[in-house]
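Q: I'm new to this one and would like to go through it slowly. Could you show it to me before we talk?

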Amino acid sequence: MCHVVKRLLLGLGVGPTVYELDQLGRGGREIQAVLSHLLSATSPSVSAAAVPAVFVGGQLLGGVEKVMSCHINGSLVPLLKQAGALWL
């Protein structure tokens, strides 16, 4: 699912900052645990994997379900523009 979100953002013209947690060793597992906690607090139905966790403008947007929902309902592009991640 991380690949799907990256491709969506790149396709929209956004250059996302990506942290590959599986390449960070123990620190990556700790970050993933924190992200899982944050995501479960905002959406109890989120899986324990908690990746991808997408932040826009420093604020947690959510996981793949939230990103795709925002894309489908048309709110993702305005959100990206407001955060300065997209200029068109």
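**Working through the model**

A: Here is a place to start, keeping in mind that this is a predicted model: R26 counts as exposed, because its relative accessibility of 60% is over the 50% cut-off.

Q: Which side chain does R26 meet in a salt bridge?

A: The side chain of R26 meets that of E30, with 3.0 Å from N to O. Both residues belong to helix α2, where they sit 4 residues apart, about one turn of the helix.

Q: And is E30 buried, partly exposed or exposed?

A: E30 is partly exposed, since its relative accessible area is 41%, which falls between the 20% and 50% cut-offs.

Q: How many salt bridges does the count come to?

A: The count comes to 2 salt bridges. Besides the pair in helix α2, there is a salt bridge between the side chains of E20 and K6, again given as 3.0 Å from N to O.

Q: What does the pair of E20 and K6 tie together?

A: E20 lies in the loop between α1 and α2, while K6 is in helix α1, so the pair ties together parts that are 14 residues apart in sequence. As for their surroundings, E20 is partly exposed with a relative accessible area of 32%, and K6 is partly exposed as well, with a value of 27%.

Q: Let's change topic to the surface. Which residues make the nonpolar patch?

A: The nonpolar surface patch is made by Y19, L24 and I31, and its area is about 330 Å². Of these, Y19 is found in the loop between α1, residues 2-12, and α2, residues 26-42. Y19 is exposed, because its relative accessible area is 65%, over the 50% cut-off.

Q: What about pockets, and how much space lies in the largest one?

A: The largest pocket holds about 660 Å³ of space. Its lining consists of 26 residues, and those nearest the centre are T17, V18, Y19, A53 and V54, so Y19 belongs both to the surface patch and to this lining.

Q: Which elements give two or more residues to that lining?

A: Those elements are α1, α2 and β1, the last of these being residues 54-56. The element that gives the most is α1, with 4 residues.

Q: And how do the lining residues divide into nonpolar, polar and charged?

A: The lining of the largest pocket divides into 18 nonpolar residues, 5 polar ones and 3 charged ones.

Q: Moving on, where is G62, and is it buried or exposed?

A: G62 is in strand β2, which covers residues 59-62. G62 counts as buried, because its relative accessibility is 4%, under the 20% cut-off. In sequence G62 and L38 are 24 residues apart, and from C-alpha to C-alpha they are 8.9 Å apart in space.

Q: One more, then: is A41 buried or exposed?

A: A41, which has its place in helix α2, is exposed, with a relative accessible area of 62%. Its C-alpha atom is separated by 26 Å from that of K81, a residue 40 positions away along the chain.

How values were computed:
Residues numbered from 1 in each chain as written. Predicted model: local features only at pLDDT ≥ 70, side-chain atom pairs only at ≥ 80, totals over all residues. Heavy atoms only, no water. Patch = residues over 30% accessible without salt bridge, like charges linked within 9 Å, V, L, I, M, F, W, Y side chains within 5 Å. Areas by Shrake-Rupley, 256 points an atom, 1.4 Å probe, with all protein chains shown as cover. Salt bridge = Lys/Arg side-chain N within 4 Å of Asp/Glu carboxyl O. Buried < 20%, exposed > 50% of the residue type's maximum accessible area, 1.4 Å probe, protein only. 1 Å grid on protein atoms, 1.4 Å probe; cavity = no way out; pocket = protein on both sides within 12 Å on 5 of 7 lines; lining within 4 Å. Points joined across faces, edges and corners; volume = space filled by probe spheres on them. Nonpolar A, V, L, I, M, F, W, Y, C, P; charged D, E, K, R; others polar.
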